[in-house]
Amino acid sequence: MNKLVFFLGPAGAGKTTLAKAVASRRKAAFFDMDILLRPAADAIMTMHGLDPTDRDSAEYKRLCRDLGYRITMDAALDNLGLDSDVYVVGPFTKEAADPGWIESELKRIGLTLQDVLVKVVMVTLADEELFRKRIQGRHSPLDDWKFRHWELFRSSLGSRTLAWPLPEANVTLIDNSHPNIAATAEQVERFIYSDNN
């Protein structure tokens with residue numbers, strides 16, 4: 001049975017780094033929403049006379065957000081059924097709070113939660129200052145808006161809701177604050193593959 005593993009959490013939590021660390025040890029297809037959407041977002045924002053590096057404003061969310069999730073999930077769903085697990089990385093804030101979202105996505109390809117083992121890694125950090133340091137350390141122009149509007153952006157760093165009808169054992173909260181990513185990746189790998197499926 002395929003595993004569909006979501007790495008969810010705020011910007012700067014290290015979702016991508018952690019997912020890549022586990023994927024490098026396992027046979028898994030890897031889909032990062034930020035990477036998949038980037039060319040389209042750059043073009044769409046530029047066409048509307050907006051900053052192409054903006055990934056946080058209301059304008060970006062109106063024009064690009066849902067497209068990014070659609071692109072990511074279409075790619076991920078297309079890989080289910082192949083002989084590999086599928087890792088998906090992104091905030092998925094609105095989607096995670098919708099109890100019917102995951103079942104609706106699987107239904108698009110004729111599958112159910114009985115056909116695919118869905119696991120969720122909720123990635124966070126110990127405190128706001130560590131988020132700030134990690135985001136600064138990326139040196140990405142895509143983060144400029146975050147720093148210019150930190151008081152608004154910081155509200156996204158709190159705890160997340162996951163409303164999907166998954167067994168408790170299929171969801172874990174990972175504090176990714178430890179600088180040794182290998183140790184954290186081992187912890188996540190054990191969680192993902194503890195069922196031996």
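In this predicted model, helix α2 has five residues named as buried, in the sense of having under 20% relative accessible area: M33, L37, A41, I44 and M45. The cover over these buried residues includes strand β2, helix α3 (58-79) and strand β3. The points below begin with the helix and then turn to the sheet that supplies some of this cover, since β2 and β3 are part of the strand order β2-β3-β1-β4-β5.

**Helix α2**

- Helix α2 runs over residues 33-47, which makes 15 residues, and the distance from its first C-alpha to its last is 21 Å, close to the 21 Å expected at 1.5 Å a residue.
- The helix nevertheless contains a kink of about 40 degrees, and this kink is centred on P39.

**The two ends of α2**

- Where α2 starts, a side-chain oxygen of D32 comes to within 2.9 Å of the backbone nitrogen of D34.
- Just after α2, the residue G49 adopts a positive phi of about 70 degrees.

**The sheet**

- Five strands form an open sheet in the order β2-β3-β1-β4-β5, and their pairing is parallel.
- The edges of this sheet are β2 (28-32) and β5 (171-175), each of which pairs on one side only.
- From one strand to the next, the twist averages 20 degrees.

**Strands β1 and β3**

- Strand β1 (residues 3-8) and strand β3 (residues 85-89) run parallel and are joined by four bridges.
- Within this pairing, F6 stands opposite V88 in β3.

Technical notes: Residues are numbered from 1 along each chain as its sequence is written. This is a predicted model: local features need pLDDT of at least 70, side-chain atom pairs count only at pLDDT 80 or more; totals for chains, interfaces and linings use all residues. Side-chain values use heavy atoms; hydrogens and water are left out. Two strands pair if DSSP finds at least two bridges between them. Axes are lines fitted to C-alpha atoms, for helices over the stretch in contact, and angles run from 0 to 180 degrees between N-to-C directions. The expected span of a helix is 1.5 Å times one less than its number of residues. The bend at a residue is the angle between axes fitted to the seven residues ending there and the seven starting there. Buried means under 20% relative accessible area, exposed over 50%, partly exposed in between (1.4 Å probe, protein chains only). Contact means heavy atoms within 4.5 Å. A polar contact is a pair of N or O atoms within 3.5 Å; within protein, one must be able to donate a hydrogen and the other to accept it, and residues adjacent in sequence count only if both atoms are side-chain atoms.
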